[in-house]
Amino acid sequence: MPEGPPEDPSGPGHVVLVGMMGSGKTTVGRRVAHKLGLDFVDTDEELVAESGRSITEWFVDAGEDAFRTAETELLGRILAPGPTRVVATGGGVVLAEANRTRLSDCRHTVIWLRAGPAFLASRITRKSERKVRPLLSGDPQATLERLDAERRDLYAEVADIVIDIEPVMNEGDHPRKRLGRLIIDALGRTGAQVHP
Ligand code: S3P
């Protein structure tokens, strides 16, 4: 753990979105933060900004292990005590036990945006989904199925709130807006302390 101010066990925590690639953590996280007047941070964006290396460069040049180490170190800093942030995490953040321990801190509210691999594959292969994901360079659906099997229990382990996004995204107008609203309502119900 990086050095930092002593932790206040009663202080507000952060709102953290977890889930597989393509579940919309960044888009909806940004929207929720905006609506609640909170800061937003995306771990991948932050890692790229801090290092000057794209996610592909991390995976290809430095390797996945180095990426995971940097991601874990960054998450520790992002989840430090301070004004509440909405945090969109990379899909693999739950792989490290240190991250799961941090996410399980009861001050934070962890929201799992859950969806099946076929649905995620169809979203990811859409033109509008521009994010480059080195792990999905082969057969996206087969990879997502494998990752889903590996990670499902880990997301469940850290999640305080689970939202099944498929019905929300498949029906009606403005799905992202409705998903944002669902998240805000769920935060209200859990009584999560969010302090700008
Ligand atoms: C990854 C997810 C990506 C990014 C990296 C690895 C994963 O983030 O961190 O490509 O292992 O699931 P998103 O979940 O935001 O796509």
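**Close-up 1. Trp58, Phe59 and Phe67 come together as one aromatic cluster.** This view, like the others here, comes from a predicted model. Searching the whole structure turns up three aromatic pairs. One of them joins phenylalanine 59 to phenylalanine 67, with 4.8 Å from centre to centre. Their planes sit 40 degrees apart, and the pair is tilted. Are these two phenylalanines buried or exposed? Both phenylalanine 59 and phenylalanine 67 are buried.

**Close-up 2. Helix α3 covers residues 55–62 and has Ile55, Trp58 and Phe59 buried.** Looking down the axis of α3, you'd find its buried residues within an arc of 90 degrees, so they line one face of the helix. Go round to the other side of α3 and you meet Val60 and Asp61, which are exposed. What do the buried residues of α3 pack against? Their partners are α2 (43–51) and α4 (64–78).

**Close-up 3. Glycine 63 comes just after α3.** Here the backbone takes a positive phi, at about 100 degrees.

**Close-up 4. Arginine 53 puts its charged end over the ring of tryptophan 58.** The charged end of arginine 53 is 4.7 Å from the centre of that ring. Tryptophan 58 should look familiar: Trp58 belongs to the aromatic cluster with Phe59 and Phe67, and it's one of the buried residues of α3.

**Close-up 5. Arginine 114 lies over the face of tryptophan 112.** How far is arginine 114 from the ring centre of tryptophan 112? The distance comes to 5.2 Å.

Definitions and conventions. Residues are numbered from 1 along each chain as its sequence is written. This is a predicted model: local features need pLDDT of at least 70, side-chain atom pairs count only at pLDDT 80 or more; totals for chains, interfaces and linings use all residues. Side-chain values use heavy atoms; hydrogens and water are left out. Rings of Phe, Tyr and Trp (its six-membered ring) pair if their centres lie within 6.5 Å; planes under 30 degrees apart count as stacked, over 60 as edge-to-face and the rest as tilted. Buried means under 20% relative accessible area, exposed over 50%, partly exposed in between (1.4 Å probe, protein chains only). A charge sits over a ring if NZ of Lys or CZ of Arg is within 6 Å of the ring centre and within 35 degrees of the ring normal. Helices (H or I, at least four residues) and strands (E, at least two) are DSSP runs, numbered from the N terminus. The arc is that of the directions from the helix axis to the C-beta atoms. Contact means heavy atoms within 4.5 Å.
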